[in-house]
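This report takes up the strand pairing of one protein chain, then its salt bridges, and lastly two individual residues.

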Amino acid sequence: MPTPLITPAASGARQMSGFTTAPADPIEATAWSLPEAAVRRRIADSYHRRGYAIVHVPHAAPSAEHLGEMSAALHLGEVFTPPLYATSSHTAASGISRLTAASAGDHPFQDRAGQNVHCDATLQDLGQIPTTLMLCVSAAASGGVSFLVNLVDAYAELRRVDPEAAEQLAHDSALVRTSTFASGRSTSGPAFAREADGSWITRYSRTATDTYHAAPGGEAAMARALEWLDAAAQPGSAYRTDFTLKPGQALILANDRLGHGRTAFRDNPTTPRLLLRALHTLRPLA
């Protein structure tokens with residue numbers, strides 16, 4: 001089997017035509033309400049071509065209200081709150097989550113350890129949450145490097161070089177996600193699925209709560225598929241980009257096309273790392 005670290009363009013099947021290993025330059029805005037039409041167009045274009053955009057508003061202390069202003073400017077609709085987290089102490093009434101390790105929390109990612117590649121809200125139906133917004137309020141003292149993985153293009157290449165392996169990730173019980181929070185609810189479904197327009201979407205995640213199940217007789221093919229995507233998520237892969245989100249910067253992410261994760265970090269005791277996160281059922285429009 002060829003090495004997984006193939007340049008995605010080699011397959012001719014790229015969905016994220018602007019995705020590169022070099023991170024996108026932050027798009028500067030004068031306010032979180034994004035009053036400039038040209039800025040909104042740049043954000044929407046970057047999201048649809050690269051799978052993400054980074055927005056920077058200088059000289060403004062970030063807040064949950066600012067995240068709401070940006071959501072409204074991009075026509076993302078109401079914030080979606082996964083039912084499992086509706087009563088979490090780290091999710092506000094607005095649906096915006098506070099991601100921090102400053103205190104013991106009930107969110108599954110409330111710690112300083114690294115996070116492997118994952119998509120958000122994997123307990124929901126595949127494709128239900130196409131957009132994640134994350135706003136950095138304060139950064140870690142060290143570490144906490146974010147990374148994005150171009151899952152749909154890595155999968156397109158897998159379909160080209162090893163279609164048998166790729167099919168193992170698309171059957172109806174390929175991925176089982178089991179929550180460690182509250183009830184321990186689980187959801188079974190495909191890790192990748194084709195949209196009506198022929199494009200692919202994903203809920204692929206590789207965390208302690210995710211298990212993969214091969215179709216009968218497909219165990220070896222499933223192992224190859226996971227090996228391929230594990231390699232695609234490694235540093236140096238042509239499908240991965242790394243960057244550090246800084247205070248006053250927001251990440252707008254195609255949650256059903258790119259996976260994301262971060263490295264472990266060390267907190268500043270006086271200003272612990274804090275990100276605000278909102279999930280949306282719509283894609284950004286200019």
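Two strands are said to pair if DSSP finds at least two bridges between them. The structure discussed here is a predicted model, and the bridges meant in this first part are those between strands.

**The four-stranded sheet**

Strand 7, covering residues 146-150, and strand 15, covering residues 258-262, run antiparallel to each other and are joined over five bridges. Within this pair, V149 has G259 of strand 15 as its bridge partner. Helix 3, residues 151-161, packs on the sheet and touches both strand 7 and strand 15, while the direction of helix 3 makes about 35 degrees with that of strand 7.

The sheet to which these strands belong is open and consists of four strands in the order 4-15-7-13, with antiparallel pairing. Its edges are formed by strand 4 and by strand 13 (240-243), each of which pairs on one side only. Between neighbouring strands of this sheet the average turn is 15 degrees, with direction ignored.

**Salt bridges**

Side chains of opposite charge can pair when their charged atoms come close. In this model there are 10 salt bridges, and three of them are set out below with the N to O separation and the burial of each partner.

| Salt bridge | N to O distance | Burial of the partners |
|---|---|---|
| R112 and D267 | 3.2 Å | R112 partly exposed, 37%; D267 buried, 10% |
| D120 and R277 | 3.4 Å | D120 buried; R277 buried |
| R240 and D242 | 2.8 Å | R240 buried, 8%; D242 partly exposed, 32% |

The salt bridge between R112 and D267 links distant parts of the chain, since R112 lies in the loop between strand 3 (97-100) and strand 4 (115-118), whereas D267 lies in the loop between strand 16 (265-266) and strand 17 (274-280), 155 residues apart. R112 counts as partly exposed because its relative accessible area of 37% falls between the limits of 20% and 50%, and D267 counts as buried because its value of 10% is under 20%.

For the salt bridge of D120 with R277, the partners again come from distant parts of the chain, with D120 in the loop between strand 4 and strand 5 (131-138) and R277 in strand 17, 157 residues apart. Both D120 and R277 are buried.

In the salt bridge of R240 with D242, R240 is buried at 8% relative accessibility, and D242 is partly exposed at 32%. Elsewhere, D162, E164 and R224 are joined into one network by salt bridges that share partners.

**Two individual residues**

S71 belongs to helix 2, which spans residues 64-73, and is buried, with a relative accessible area of 4%. The side chain of S71 reaches the backbone oxygen of L67 at 3.0 Å. Leaving aside residues up to four places away in sequence, S71 touches L76, L133 and H280.

D172, by contrast, is exposed, with a relative accessibility of 65%, and is found in the loop between helix 4 (163-168) and strand 8 (175-178). With residues up to four places away in sequence again left aside, D172 is in contact with S188, G189 and P190. The C-alpha atoms of D172 and F192 are separated by 9.6 Å, and these two residues stand 20 residues apart along the chain.

Note on methods: Residues numbered from 1 in each chain as written. Predicted model: local features only at pLDDT ≥ 70, side-chain atom pairs only at ≥ 80, totals over all residues. Heavy atoms only, no water. Salt bridge = Lys/Arg side-chain N within 4 Å of Asp/Glu carboxyl O. Helix = DSSP H or I, 4+ residues; strand = E, 2+ residues; numbered from the N terminus. Buried < 20%, exposed > 50% of the residue type's maximum accessible area, 1.4 Å probe, protein only. Polar contact = N/O pair within 3.5 Å; in protein donor to acceptor, adjacent residues only side chain to side chain. Contact = heavy atoms within 4.5 Å. Axes fitted to C-alpha atoms, helices over the stretch in contact; angles between N-to-C directions.
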